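Q: Could you give me a close look at one part of this structure, starting from how empty space is found? Then please lead me on, step by step, to other places worth visiting.

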Amino acid sequence: MLIRTGISLDSELLRRFDRVICKRGYKNRSEAIRDLVRDYAVAEDVEEDRTVVGTLTLVYDHHRPKLSAQLLAVQHHAQALVLAATHVHLDRKHCLEVVLMKGRSSQVRRIADQILTLRGVKHGKLVLTTRGKGLA
Ligand code: NI
């Protein structure tokens with residue numbers, strides 16, 4: 001069910017909001033505000049340690065001794081959380097990997113931290129998401 005609501009905003013803040021959402025391609029304020037509210041809901045799911053899905057993207061140096069084995073070991077150890085992983089050979093030295101996980105946000109974060117702190121991992125980011133009502 002859709003409910004209409006009104007909000008009061010400082011005119012300067014509203015102008016700025018309109019500028020930003022226009023740049024990003026929103027056709028109207030409602031859709032932009034709905035996305036912001038969903039983002040709050042996802043943030044709450046993460047904060048409350050609910051079940052989330054996470055994608056960890058990382059770039060690493062595969063010439064680093066033992067790193068490939070360590071990455072596999074962490075993922076095998078956390079196999080209950082790891083849904084899948086994708087590997088791309090970026091160049092002679094670097095690999096890109098995306099690890100998809102599902103579990104409590106604290107568990108998913110712990111695995112991501114274990115991976116990101118391995119020596120030879122150059123860069124990485126974890127994105128956590130839900131449907132905005134938690135996942136079963
Ligand atoms: Ni590779």
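A: Let's begin with what a pocket is: on a 1 Å grid over the protein atoms alone, it is an open set of points where a 1.4 Å probe fits, with protein on both sides within 12 Å along at least five of seven lines. Rolling a probe the size of a water molecule over the atoms shows where empty space is left. Grid points are joined across faces, edges and corners, and a volume is the space filled by probe spheres set on the points. This is a predicted model, so local features need pLDDT of at least 70 and side-chain atom pairs count only at pLDDT 80 or more, while totals for chains, interfaces and linings use all residues. Residues are numbered from 1 along each chain as its sequence is written, and side-chain values use heavy atoms, with hydrogens and water left out.

Now for the pocket itself. The largest one has a volume of about 600 Å³. It is lined by 15 residues (lining means having an atom within 4 Å of a point), and I3, T5, S30, I33 and R34 are the closest to its centre. Two helices, α1 (11-24) and α2 (29-47), each supply at least two residues of this lining. Helix α2 gives the most, with 6 residues. Helices here are DSSP runs of H or I with at least four residues, strands are runs of E with at least two, and both are numbered from the N terminus.

Let's leave the pocket by following the chain out of α2. The loop between α2 and β1 holds D49, which has a positive phi of about 60 degrees although it is not a glycine. D49 is partly exposed because its relative accessibility is 27% (under 20% is buried, over 50% is exposed and partly exposed lies in between, using a 1.4 Å probe and protein chains only).

Next is strand β1, where you can find T57. With a relative accessible area of 34%, T57 is partly exposed. Setting aside neighbours within four places in sequence, T57 is in contact (heavy atoms within 4.5 Å) with L96, E97, V98, H123, G124 and K125. To get a feel for distance, try T57 and D18: they are 39 residues apart along the chain, and their C-alpha atoms are separated by 32 Å.

One of the contacts of T57, H123, deserves a stop of its own. H123 belongs to strand β4 and is exposed, with 51% relative accessible area. Apart from neighbours up to four places away in sequence, H123 meets T57, L58 and V59. H123 and H63 are 60 residues apart in sequence, with 15 Å between their C-alpha atoms.

Back on β1, which spans residues 51-61, we reach D61. D61 counts as buried because its relative accessible area is 9%. Its contacts beyond four places in sequence are L67, K93, H94, G120 and K122. In the loop between β1 and α3 (67-77) sits K66, another non-glycine residue with a positive phi, near 70 degrees. At 67% relative accessibility, K66 is exposed.

Then comes L67, in helix α3, which is buried with a relative accessible area of 0%. Not counting residues up to four places away in sequence, L67 touches Y60, D61, L118, R119, G120 and V121. L67 and G120 are 53 residues apart in sequence, yet 6.8 Å apart in space, C-alpha to C-alpha.

What about the inside? The largest nonpolar core (buried Ala, Val, Leu, Ile, Met, Phe, Trp, Tyr and Cys residues joined through side-chain atoms within 4.5 Å) has 22 residues, of which L56, L58, Y60, L71, M101, I111 and I115 touch the most other members. The elements giving two or more residues to this core are α2, β1, α3, β3 (94-104), α4 (105-116) and β4 (121-129). As an example, I111 contacts V74, A78, L81 and M101, leaving aside neighbours within four places in sequence.

Our last stop is the nickel ion. H87 (NE2), H89 (ND1) and C95 (SG) coordinate it at 2.1 to 2.3 Å. Donors are N, O and S atoms within 2.8 Å of the metal (3.2 Å for Na, K and Ca), and sites may look incomplete because water is not among the atoms. Along the sequence, the donor residues are spaced H-x1-H-x5-C. H89 counts as exposed because its relative accessibility is 61%, whereas C95, at 2%, counts as buried.
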